[in-house]
Amino acid sequence: MTNRTRPPFCPENSSLKHFSLKISFVKPSLFIRALACIGALVLSLISLTATAQDMQYRARLSPMPTTPQTKSTITGAGEALATLSGTTLTLRGDFSGMSSAATAAHLHFGPPAQPGPVVATLEIAAQTSGALSASIELSVEQLRALTANSLYVQIHSESNPAGELRGWLFPKK
């Protein structure tokens, strides 16, 4: 057995017979990669925190003719407020001044100024003024559409079955 010197902080009766400390230096390129990975991790955590919070959206409902013939027959206005919590979109709103009683209301998929298919049916009063509401579980595709401003609320009426009021959901500021 070789005779090794004991570190000054190690008592004689210690079981620590040999202590060595090796310091190695990391190559700069590896250090930069490690920093980039840590930065990406921090940004991901921040993103998850922001996603965990409820997101608020608003749609201003206004007359939107579906054909040139309906331009003079549609009237009214309204607003829909939506809250996204996880994948659940809770929608509440009101409308007034429509040319005839509401017959249906839907959430549609489509970019601004372009009609699209129905995503969900909303609850609505069959009147010229009233409230609308819904609680909708959105799919991944529908969540993407919401964040891309490609979901809109549309109210249909007796005199305008193709739709009288329409408004796209945009983040509420």
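Leu-122 is a good place to start: leaving aside its neighbours within four places in sequence, Leu-122 is in contact with Leu-91, Ala-105, His-106, Leu-107, Leu-132, Ser-133, Ala-134, Ile-136 and Val-153. Please keep in mind that this is a predicted model. The protein chain has 173 residues, and buried residues make up 31% of them. Its elements are two helices and nine strands.

**The nonpolar core**

- The largest nonpolar core has 26 residues, and Leu-122 is one of those that touch the most other members.
- Leu-89, Leu-91, Leu-107, Leu-132, Ile-155 and Leu-169 belong with Leu-122 in that group.
- Many elements feed this core: β1, β2 (77-85), β3 (88-96), β4 (102-109), β5 (118-124), β6 (130-137), α2 and β7 each supply at least two residues.

**Ser-133 and the β3–β6 pairing**

- Ser-133, one of the contacts of Leu-122, has its place in strand β6.
- Is Ser-133 buried or exposed? With a relative accessible area of 19%, Ser-133 is buried, because the cut-off for buried is under 20%.
- Beyond the four places on either side in sequence, Ser-133 is in contact with Leu-91, Arg-92, Leu-122 and Glu-123.
- Arg-92 is also the bridge partner of Ser-133, which lies in β6.
- Strands β3 and β6 run antiparallel and are joined by eight bridges.

**The β2–β3 hairpin**

- β3 also pairs with β2, in the antiparallel sense and over nine bridges.
- One of the partnerships here links Ala-77 with Ser-96 in β3.
- The two strands form a hairpin with two residues between them.
- Within the turn, Gly-86 has a positive phi of about 70 degrees.

**Val-119 in β5**

- Val-119 has its place in strand β5.
- How does Val-119 count, and what is its relative accessibility? Val-119 counts as partly exposed, at 23%, because that value falls between the 20% cut-off for buried and the 50% cut-off for exposed.
- Not counting residues up to four places away in sequence, Val-119 touches Leu-107, His-108, Phe-109, Gln-142 and Leu-151.
- For one of these, His-108, the C-alpha atom is 5.1 Å from that of Val-119, although the two residues are 11 apart along the chain.

**Helix α2 and its two sides**

- Gln-142, touched by Val-119, is one of the buried residues of helix α2 (residues 140-147).
- The buried residues of α2 are Gln-142, Ala-145 and Leu-146.
- They cover an arc of only 100 degrees around the axis, which puts them on the same side of α2.
- On the other side of α2, the exposed residues are Val-140, Glu-141, Arg-144 and Thr-147.
- Just after the helix, Asn-149 takes a positive phi of about 60 degrees.

**Strand β8, its partners and the aromatic pair**

- How many aromatic pairs does a search of the whole structure find? The search finds one.
- The pair is made by Tyr-152 and Trp-168, whose ring centres are 4.5 Å apart and whose planes are at 35 degrees, so the pair is tilted.
- Tyr-152 lies in strand β7 (residues 151-157) and Trp-168 in strand β8 (residues 165-168), so the pair ties together parts that are 16 residues apart in sequence.
- Tyr-152 and Trp-168 are both buried.
- Tyr-152 and Trp-168 are bridge partners too.
- Four bridges join the antiparallel strands β7 and β8.
- β8 also runs antiparallel to strand β1 (residues 55-63), with two bridges joining them, and Leu-165 in β8 is the bridge partner of Pro-63.
- In a regular strand the side chains alternate between the two faces of the sheet.
- In β8 both faces are covered: Leu-165 and Gly-167 are buried on one side, and Arg-166 and Trp-168 are buried on the other.

**The chain as a whole**

- Along the sequence, the protein chain follows the pattern α-β-β-β-β-β-β-α-β-β-β.
- Among contacts between residues at least 6 apart in sequence, 60% join residues at least 24 apart.
- The accessible surface of the protein chain comes to about 11,300 Å², and 61% of that surface belongs to carbon and sulfur atoms.

Methods. Residues are numbered from 1 along each chain as its sequence is written. This is a predicted model: local features need pLDDT of at least 70, side-chain atom pairs count only at pLDDT 80 or more; totals for chains, interfaces and linings use all residues. Side-chain values use heavy atoms; hydrogens and water are left out. Buried means under 20% relative accessible area, exposed over 50%, partly exposed in between (1.4 Å probe, protein chains only). The arc is that of the directions from the helix axis to the C-beta atoms. Rings of Phe, Tyr and Trp (its six-membered ring) pair if their centres lie within 6.5 Å; planes under 30 degrees apart count as stacked, over 60 as edge-to-face and the rest as tilted. Two strands pair if DSSP finds at least two bridges between them. A nonpolar core is a set of buried Ala, Val, Leu, Ile, Met, Phe, Trp, Tyr and Cys residues joined through side-chain atoms within 4.5 Å. Contact means heavy atoms within 4.5 Å. Accessible areas come from the Shrake-Rupley method with a 1.4 Å probe; for residues, only the protein chains shown count as cover.
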